[in-house]
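Colleague: I would like to learn how to read a model like this one. Take me through it feature by feature.

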Amino acid sequence: MTGITAAGLTGASAHRKRPAELNVLLGLIAIIAVFELLGWLLVGQSFLLNKQRLMIIILQVSIVGIISVGVTQVIITGGIDLSSGSVVGATAMIAMSFAQASTGPAPVYAGLTDLPVLVPVAVGLGMGALAGVVNGSLIAYTKIPPFIATLGMMVAARGISKWYTNGKPVSFPTDSYAMIGKGIMPVVIFALIALLFHLALKYTLYGKHTYAIGSNTEAARISGIKVERHIVLVYAIAGLLAGLAAIVVSSKNLTAQAGMGMMYELDAIAMAVIGGVSLSGGRGSIIGTVLGALIFGVIISGFTFLRIDAYYQEMIKGVIIVVAVVADVARQRKRSRS
Amino acid sequence: MKKTLMMASFASLMATTAMAENIGVSMALFDDNFLTVLRNGMTEYAGTLDGVTLQVEDAGNDVAKQLDQINNFIASGVSAIVVNPVDTSATQAMSDAAAAAGIPLVYVNREPINVATLPDNQAFVASNEADSGTLETQEVCRILKEAGKTEANIYVIMGELSNQAAVMRTKDIHDVIATPDCSFMKIIDEQTSNWQRDQAQTLMTNWLSTGTAFDAVIANNDESAIGAIQAMKASGVDMASVVVGGVDATQDALAAMAAGDLDVTVFQDAAGQGKGSIDAALKLARGEAVDQKVYIPFQLVTPANMAEFQTKN
């Protein structure tokens, strides 16, 4: 939306002295160093040299991480997606209702238990993509701001998640559905998704068009990009990934609840923003977002590791988000001056 | 012609609603398992009563929205109002509004701050929150003693920090541990999971990664207890060596108890509270006397008596 057309069309980091991702990486290392130091001083053990902790640092951000990969692409087009958390809630409820085992008490559809795992997965991905298509179409064709369109979806999808079973949780999935989010599976899925879209954004026409639209929509249109169609596609992908996250989170927890995914959208946006994705569009990368997600994971684990009072944790988290953006803005201003 | 017809049908609609007893219900939030059982308890009970209709609204955990809903109920002239308060310290304005309009008001499940000064046509139906955490912790204490522990490390998983039940249940845990009988228990850390299974899973795994030895996990609700159990099982902790307690006796929790993973939970009669609140509201609307505090008791659930609770929640 800001007029850096050249940078947008040739890829975000074409002529940058120090890529934004490097700064995020340095930030991540600095935060780890602080926890490592405090760990030895206060707890008497290493923060990082602990296999189980390394695992949970990544595992606990994998599900929101999957969403943030979609949100990153939406933000690069100059948009925003506030609906992903609610879409996770609604999709998890609906997908789980097709994944129930006949051995559990009171399934939602008594005649539809023990279905092959492909059914709930297809339902989940389909519902997520559908929500995304609705978001994208509203934004591209009615020209209402993305904030409003996805806000509407956020409220409506949460309504669906409550209405679907009158607020009752849906639990007791089949063993095959439970495998999807078991153990390190969420990390594997997150890594594959991140890699896939990293390649797509960096090396394909899809990626070039995404950056071009975010940098300067009119220039993109003049250069022959079908802007509306592309925006629908990007939001559909974001919705699909929210659907995937819903499948993974409901499988991992062996339950779907109407309140599931609450605030995930904000965590996903925060991960992208900490990772250097610019809210004004046209700039950012999946690598940055993955690093942003890792910073989130390190902070959550670090707080529990140091046994920081629960009341302080959210306050500190908020400060870190704002500091990350302030640093990013300051760095950009410096670059545009030089 | 068309207009008169519409007027007539509208008038008859008004007449039917005026004849029936219409109760306005404002729930703190719809997407909470326990409150859903309570809400369904209300609607099912009202369905068995002739001429009683419920209008149930979702306050979406928003104090201001809830007060608006109550004012809307008053404006539409309901016979009585049932409120499940979002924030128990924000109830004075609700009581005042209903009292000024002369409409009976019943608080359900969460104790309003002005419970001692409620007007005559207002009441409070709930379980005594001081019992839940106490029953839970006393049973955990008993099991640990039975296992011959002389000192025990405890992790506490709290619910939402701004929630009165979470604050109360956590206080109960501290109170029981302060008694000489259970003073061998020591809390090594307490953190919040916001009532959520996923967050409890993450929290427990983070605790496990510190390698500190522990004997019991006491959670403010079953969902958190189940999350902790899932994390421990994923890390290969022997569930027979850890005592895990929750509150609510949900279906999922009873399944976990049957599997031998969950040791203690506490049943709060959600449907009973829902039914009790409608009863109290109807009595007040008909001008009958009602106890201002109606307590529906909590019950301890262990593997020994869990079968009784299978169909209750």
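Colleague: Which residues is I66(A) in contact with, leaving aside its neighbours within four places in sequence?

Modeller: One caution before the list: this is a predicted model. I66(A) is in contact with I189(A), F190(A) and I193(A). It is also in contact with L241(A), L244(A), A245(A) and V248(A).

Colleague: How many residues does the largest nonpolar core have?

Modeller: That core has 100 residues. I66(A), L241(A) and A245(A) are those with the most contacts inside it. Helix 11 of chain A, residues 227-253, gives the most to this core, with 17 residues. Apart from it lies another core, of 47 residues. V140(B), I177(B), V247(B) and V264(B) are among its members.

Colleague: Back to helix 11 of chain A. What span should its 27 residues have?

Modeller: Reckon 1.5 Å a residue, and helix 11 of chain A should span 39 Å. Its end C-alpha atoms are 39 Å apart, so the two agree. The helix is mostly covered, with 24 of its 27 residues buried. Just after it, L254(A) takes a positive phi of about 60 degrees.

Colleague: And helix 5 of chain B: what span should that have?

Modeller: The 18 residues of helix 5, 129-146, should span 26 Å. The end C-alpha atoms are 27 Å apart, which agrees. Just after this helix, G148(B) takes a positive phi of about 80 degrees.

Colleague: Which residues of helix 5 of chain B are buried?

Modeller: Start with the general idea. An α-helix has 3.6 residues a turn, so residues three or four places apart point the same way. Now the case here. The buried residues of helix 5 of chain B include E129(B), S132(B), G133(B), T134(B), L135(B) and E136(B). Further along, T137(B), E139(B), V140(B), C141(B) and L144(B) are buried too. V140(B) also belongs to the core of 47 residues.

Colleague: Is F197(A) buried or exposed?

Modeller: Count the other C-beta atoms within 10 Å; 20 or more make a residue buried. F197(A) has 22, so F197(A) is buried. The residue sits in helix 8 of chain A, residues 185-203. Not counting residues up to four places away in sequence, F197(A) touches V69(A), Q73(A) and I286(A). F197(A) and Y311(A) are 114 residues apart in sequence and 36 Å apart in space, C-alpha to C-alpha.

Colleague: What about Q199(B): how many other C-beta atoms lie within 10 Å?

Modeller: Q199(B) has 19, and is partly exposed. Its place is in helix 7 of chain B. Not counting residues up to four places away in sequence, Q199(B) touches S193(B), N194(B) and G227(B). Q199(B) and G227(B) are 28 residues apart in sequence, and 7.5 Å apart in space, C-alpha to C-alpha.

Colleague: On to the two chains. How many residues does each give to the contact?

Modeller: The contact takes 25 residues from chain B and 26 residues from chain A. On the chain B side, helix 2 (33-47), strand 7 (185-192), helix 7 (197-209) and helix 9 (251-258) each supply at least two residues. Helix 7 of chain B gives the most to that side, with nine residues. By class, the side of chain B that touches chain A has seven nonpolar, twelve polar and six charged residues.

Colleague: Where do the domains of chain B run?

Modeller: Domain 1 takes 2-127 + 270-296, and domain 2 takes 130-267. Taken over C-alpha atoms, 34 Å separate their centres. Five residues of domain 1 of chain B are in contact with four residues of domain 2. By class, the side of domain 1 that touches domain 2 has one nonpolar, three polar and one charged residues.

Colleague: Now chain B as a whole. How many helices and strands does it have?

Modeller: Chain B has ten helices and twelve strands. Its C-alpha trace spans about 80 × 40 × 35 Å along the principal axes. Buried residues make up 51% of its 313 residues. Of the contacts in chain B with a separation of 6 or more, 73% come from residues 24 or more positions apart.

Colleague: Which residues of chain B does the UniProt annotation cover?

Modeller: An unreviewed UniProt entry gives "domain: Periplasmic binding protein" for residues 23-288 of chain B. Over those residues the chain is 45% helix and 19% strand. The end C-alpha atoms of that stretch are 16 Å apart.

Methods:
Residues numbered from 1 in each chain as written. Chains lettered and ligands numbered in written order. Predicted model: local features only at pLDDT ≥ 70, side-chain atom pairs only at ≥ 80, totals over all residues. Helix = DSSP H or I, 4+ residues; strand = E, 2+ residues; numbered from the N terminus. Expected span 1.5 Å × (residues − 1). Buried ≥ 20, exposed ≤ 12 C-beta atoms within 10 Å, placed from the backbone. Core = buried A, V, L, I, M, F, W, Y, C linked by C-beta atoms within 7 Å. Contact = placed C-beta atoms within 7 Å. Domains from an automatic or database assignment. Nonpolar A, V, L, I, M, F, W, Y, C, P; charged D, E, K, R; others polar. UniProt positions renumbered as here; feature names shortened; annotations may be inferred.
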